[in-house]
Every structure is written in structure tokens, then in C-alpha cells.
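Please explain how this protein chain is arranged in space, for a reader who is new to protein structure. The account should move from one part of the chain to another in connected paragraphs.

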Amino acid sequence: MTKPSPFSVRGRHALMAMRDEREIAMLRRQLNRLGMTTTQYDPTGLPPRDVSVDVIVVDADSIPIKSDPATAWKAGTPIIALIGTETPSRLKWLLDLKPASFLIKPLRSAGLYTALVVAFDSAQRKVDEAAHIERLEDRIRSRRIVFAAVLQLMRGHGLSEEAAFTLVRQTAMRHRTTIEQLSAEIIAVGGMPNRTTRTA
């Protein structure tokens, strides 16, 4: 499946969690020019769960730091934070929100497209990193299973590590299965599965 380019924003949907009508009108106009659709929502309330969005534009100054909405906005969707107040407590909360990008208030006509590209790129990188970590964890789990199976054959048949692994590899090839799958079977039955002896 082709990954969407962060530079392609047309057709995407933005949730605007804002209250200032002037800024809402300006932002909606710019997003529409870029080919995006928008939904407006009060940032002091809980985020809507029935709306599919690609990016959330949050007026960080409008959300009480210690409120439930402040926690609820910490979702997986990339966030562009609108920043006007630079007090340490507000900035600390903003860092905890982990926005993908930000815009400084008062809003201007420039900067929105850059913020969107950075936000979409950041979101895609997080997805890629999570998938990479999952693959690494799967590989580690597989190696542990293979090592346990090899160790079991070494102890049960008096084989060297190399000989035990060769036996597992050749048996897996002969039965057209993976080394990991055969290793799991070896661990489950306490030795080489019976099917190997029938075809030996």
C-alpha cells in the first residue's frame, strides 16, 4: 500500500478545536484553499469520537491545563498547537501534549501549509517507527523460540549447537515450514515432532 505523501494535503480532514471566531474563519479559509475539509469543535469539551480526522488544530490557550479535556486531546492523531501564552506551566503541558507542529498566535496567512506537512510527516514517521519496533520485537521473540528449541535438541540428543540448528533448518525446509514454526512445535512436544520421523 502506497504511503500518503505529507506534501499532499488535498482531501484530508482537519478538526479545529478553537473558539476565536476570527481565527476560525481565517484557518477554515486557508484549509479550504488547500483542498481540505474542516470540522469545528469547542476545545473545552471532550474530543468527538465519531468524526474521522487527519489532523487536529488545537488552540492550546483555550484548554484548562488540569481539566479532563486536557488529557483527552492526547490522541494518536497529529496535533498542530496554536500557541499564544508562553508561561512555563502552559509550555510544560504543551510538551506533554506532544504536538506534531505548532503555529504562533495571532495567526497569519503564512505557515499553515508548512505546519501541516510537518505534522503529517511526523505522524507517518511514528507509524513507521512503531511498525519497525514491532518487527524487531517479533524477531527477538522468534530468536528466543529458535534458541530454546535448539537447546532442547542439544540436551535431548547430545548434539552440538551447530548440529541441532542444522537439523531444525533442514527439517523445516523439508516440511516447507518456517524455522520459527518448527521450533515452536519442538518446544510444545518436548522434541522433534513425529511427522519428521515419518519422512526421514
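The model shown here is predicted. A suitable place to begin is the packing of helix 4 against helix 5, whose axes come within 9 Å and cross at roughly 115 degrees. Because angles from 65 to 115 degrees count as roughly perpendicular, helix 4 and helix 5 are described as roughly perpendicular to each other. The crossing in which helix 4 passes helix 5 is right-handed. On the side of helix 4, the contact is made by Val146, Val150, Leu153 and Met154, while helix 5 contributes Glu161, Ala164, Phe165, Leu167 and Val168. Sorted by class, the residues of this contact are eight nonpolar, no polar and one charged.

The next contact to consider is that of helix 5, residues 161–174, with helix 6, residues 179–189. Helix 5 and helix 6 pack at an angle of about 115 degrees, and their axes are 9 Å apart. This angle makes helix 5 roughly perpendicular to helix 6. The crossing of helix 5 and helix 6 is right-handed. Phe165, Val168, Arg169, Thr171 and Ala172 of helix 5 meet Ile179, Leu182, Ser183 and Ile186 of helix 6. In this contact there are six nonpolar, two polar and one charged residues.

The loop between helix 5 and helix 6 contains arginine 176. Arginine 176 is not a glycine, yet its phi is positive, near 55 degrees. With a relative accessible area of 80%, arginine 176 is exposed, because exposed means over 50%. Lysine 98 is another residue with a positive phi, of about 55 degrees, although it is not a glycine. Lysine 98 is placed in the loop between helix 3 (88–97) and strand 5. Its relative accessibility of 58% means that lysine 98 also counts as exposed.

From these loops the account turns to the interior. In soluble globular proteins, nonpolar side chains tend to be buried together. In this model, the largest nonpolar core has 21 residues, and those with the most contacts inside it are Met18, Leu31, Met36, Val55, Ile80 and Leu116. At least two residues of this core come from each of strand 1 (13–17), helix 1 (21–33), strand 3 (55–59), strand 4 (79–83) and helix 4 (112–157). Helix 4 gives the most, with five residues. A second core, separate from this one, has 13 residues, including Val58, Ile63, Ala81 and Trp93.

Which residues surround isoleucine 80, leaving aside its neighbours within four places in sequence? Isoleucine 80 is in contact with Val55, Ile56, Val57, Val58, Ser101, Phe102, Leu103, Ala115, Leu116 and Ala119. One of these contacts, alanine 115, is found in helix 4. Alanine 115 has a relative accessible area of 3% and is buried, because buried means under 20%. Not counting residues up to four places away in sequence, alanine 115 touches Ile80, Ser101, Phe102 and Leu103. Alanine 115 and serine 101 are 14 residues apart along the chain, and their C-alpha atoms are separated by 5.5 Å.

Strand 5 covers residues 101–104, and proline 106 has its place in the loop between strand 5 and helix 4. The peptide bond from lysine 105 to proline 106 is cis, with omega near 0 degrees.

Two further residues show that burial is not confined to nonpolar side chains: arginine 12 counts as buried, at 14% relative accessibility, and serine 62 is buried, at 17%. Arginine 12 lies in the segment before strand 1. Leaving aside neighbours within four places in sequence, arginine 12 is in contact with Pro4, Ser5, Pro6, Gly35, Met36, Thr37, Asp54 and Phe120. Among these contacts, Met36 is one of the core residues named above. Arginine 12 and proline 64 are separated by 52 residues in sequence and by 28 Å in space, C-alpha to C-alpha.

Serine 62 lies in the loop between strand 3 and helix 2 (68–72). With the neighbours within four places in sequence left aside, serine 62 is in contact with Arg19, Pro43 and Thr44.

Technical notes: Residues numbered from 1 in each chain as written. Predicted model: local features only at pLDDT ≥ 70, side-chain atom pairs only at ≥ 80, totals over all residues. Heavy atoms only, no water. Core = buried A, V, L, I, M, F, W, Y, C linked by side-chain atoms within 4.5 Å. Buried < 20%, exposed > 50% of the residue type's maximum accessible area, 1.4 Å probe, protein only. Helix = DSSP H or I, 4+ residues; strand = E, 2+ residues; numbered from the N terminus. Contact = heavy atoms within 4.5 Å. Axes fitted to C-alpha atoms, helices over the stretch in contact; angles between N-to-C directions. Parallel < 35°, antiparallel > 145°, perpendicular 65-115°, else oblique. Left-handed = near helix turned anticlockwise from the far one by under 90°. Nonpolar A, V, L, I, M, F, W, Y, C, P; charged D, E, K, R; others polar.
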